[in-house]
Amino acid sequence: MNEFELIERIFSQMHVAQSRAGSTDKGSVEKGIGDDAAVTSLPAGARLVSCIDTLVQGRHFSADWDEVNQLAFQIGYKAVAVNVSDIAAMGAAPHSILLALALPARLVNESWLTEFAKGLFHACQLFGVTLIGGDTTRSDHLVLSVSAQGHLEANTPAVYRSGAKIGDKVYVSGTLGDAAYALQHPDNAVGIELAHRLHMPTPRVSLGAALAKIGATAMIDISDGLYQDLGHICEQSAVGMRIHLEQLPTSKVLASVDLTERLLCQLAGGDDYELAFTLPAHIKPPIVNNSDTPVTCIGEVIAVNGTDAAKNLRPEIYYQGQPVTPTSPAPFSTWPNLTGYQHFAG
């Protein structure tokens with residue numbers, strides 16, 4: 001059995017097992033794995049939503065081969081989850097994925113491939129998506145590229161980054177900063193306890209769909225840091241924001257960390273894969289998943305003057321009612337670098 005036959009056998013077995021369990025029977029995949037391309041049908045009036053994300057060894061997860069071996073399940077899971085999060089941020093229902101897998105020869109073995117496939121199909125089952133095709137090639141390093149598709153029901157608007165209005169409230173789901181702290185401190189007790197938030201994030205699919213239906217004005221998933229990602233909404237909506245640091249939702253574990261380090265993780269750390277969104281002040285956020293998805297108001301949308309509207313807009317940040325500025329940076333000792341993750345910075 002050559003390496004490609006091994007890959008095909010493992011993924012085919014997982015796919016068949018999942019199909020028999022009923023988790024991939026969505027009624028709209030006319031042709032999935034096994035042909036030159038997949039064919040799907042959409043409900044009447046629905047619109048297709050698509051995204052793609054790439055995970056690269058040494059950039060998105062460890063370059064260390066021992067860790068790559070240990071995290072096979074988590075890598076497979078996260079490859080799906082980060083794409084599903086983008087679909088959720090549009091208010092859409094995830095539907096299916098395509099997987100392009102560039103594999104080093106050392107990972108083409110029964111043990112690693114089986115654990116990777118288990119993680120990938122576990123995420124598919126949790127979030128209601130089907131693996132409908134893909135491609136495999138050889139590489140010196142592990143690279144995974146997943147394309148995800150979802151759909152919006154007829155008469156359900158997509159939620160873009162460009163719709164925030166002055167007077168809207170700014171909300172986030174879940175808690176912030178856990179993944180960033182775990183990435184920066186993989187060996188201390190707090191980082192170890194928070195590692196699951198880095199390796200196995202929870203895309204907020206039900207919340208995103210509910211927000212689209214009740215009139216969310218703008219939404220984004222927090223992948224590169226809250227401050228930077230909210231800045232995308234500000235720029236595309238031509239508005240400002242006022243964010244209150246003491247209102248940022250914090251897990252009990254991260255609350256034990258020094259305040260300034262915790263705030264930096266929450267503002268600029270990234271990898272949260274929570275939803276940040278705006279709602280008109282008179283609309284209350286929905287309660288989904290039996291309140292297992294907490295939602296917190298962290299600020300409000302404000303006006304900007306005409307000259308500011310043409311600039312790179314970023315939120316204003318406040319702490320205990322006072323603006324945090326380069327000349328008055330408390331609770332930070334100096335004005336922090338709040339630039340989130342940028343692939344080509346420096």
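Visitor: Why is strand 9 (residues 240-244) described as largely enclosed by the rest of the structure?

Guide: Four of its five residues are buried, so the label fits. Buried means under 20% relative accessible area, exposed means over 50%, and partly exposed is in between (1.4 Å probe, protein chains only). Strands here are DSSP runs of E with at least two residues, helices are runs of H or I with at least four, and both are numbered from the N terminus.

Visitor: What should I keep in mind about the model itself?

Guide: It's a predicted model, where local features need pLDDT of at least 70 and side-chain atom pairs count only at pLDDT 80 or more, while totals for chains, interfaces and linings use all residues. Residues are numbered from 1 along each chain as its sequence is written, and side-chain values use heavy atoms, with hydrogens and water left out.

Visitor: What makes strand 9 and strand 11 (residues 295-302) a pair?

Guide: Two strands pair if DSSP finds at least two bridges between them. Strands 9 and 11 have four, in the antiparallel sense, and Gly299 in strand 11 is the bridge partner of Ile243. Strand 9 also pairs with strand 12 (residues 316-319), this time parallel and over three bridges. There, Ile243 faces Ile317.

Visitor: Why are strand 8 and strand 13 called edge strands?

Guide: Picture an open sheet of seven strands with mixed pairing, in the order 8-10-7-11-9-12-13. Strand 8 and strand 13 (322-323) each pair on one side only, and that earns them the name. Strand 13 is joined to strand 12 by two antiparallel bridges, with Tyr318 opposite Pro323.

Visitor: How do you know that the length of helix 9 (residues 226-237) agrees with what's expected?

Guide: The expected span is 1.5 Å times one less than the number of residues. For the 12 residues of helix 9 that gives 16 Å, and the end C-alpha atoms are 16 Å apart, so the two agree. Helix 9 is mostly covered too, with nine of its 12 residues buried, including Tyr227, Ile233 and Cys234. Just past its end, Ala238 has a positive phi of about 55 degrees.

Visitor: How do you know whether Cys234 is in a disulfide?

Guide: A disulfide is a pair of cysteine sulfur atoms within 2.5 Å. A search of the whole structure turns up zero of them. For Cys234, the nearest cysteine sulfur belongs to Cys297 and is 14 Å away, which is too far for a bond.

Visitor: Why is Cys297 called partly exposed?

Guide: Its relative accessibility is 28%, so it counts as partly exposed. Cys234, at 0%, is buried.

Visitor: What makes Trp112 and Phe116 a stacked aromatic pair?

Guide: Rings of Phe, Tyr and Trp (its six-membered ring) pair if their centres lie within 6.5 Å; planes under 30 degrees apart are stacked, over 60 edge-to-face and the rest tilted. The structure holds three aromatic pairs. In this one, Trp112 and Phe116 are 5.1 Å centre to centre with 10 degrees between the planes, hence stacked. They sit four residues apart in helix 4 (residues 110-127), so about one helical turn separates them. Trp112 counts as buried at 2% relative accessibility, and Phe116 counts as buried at 0%.
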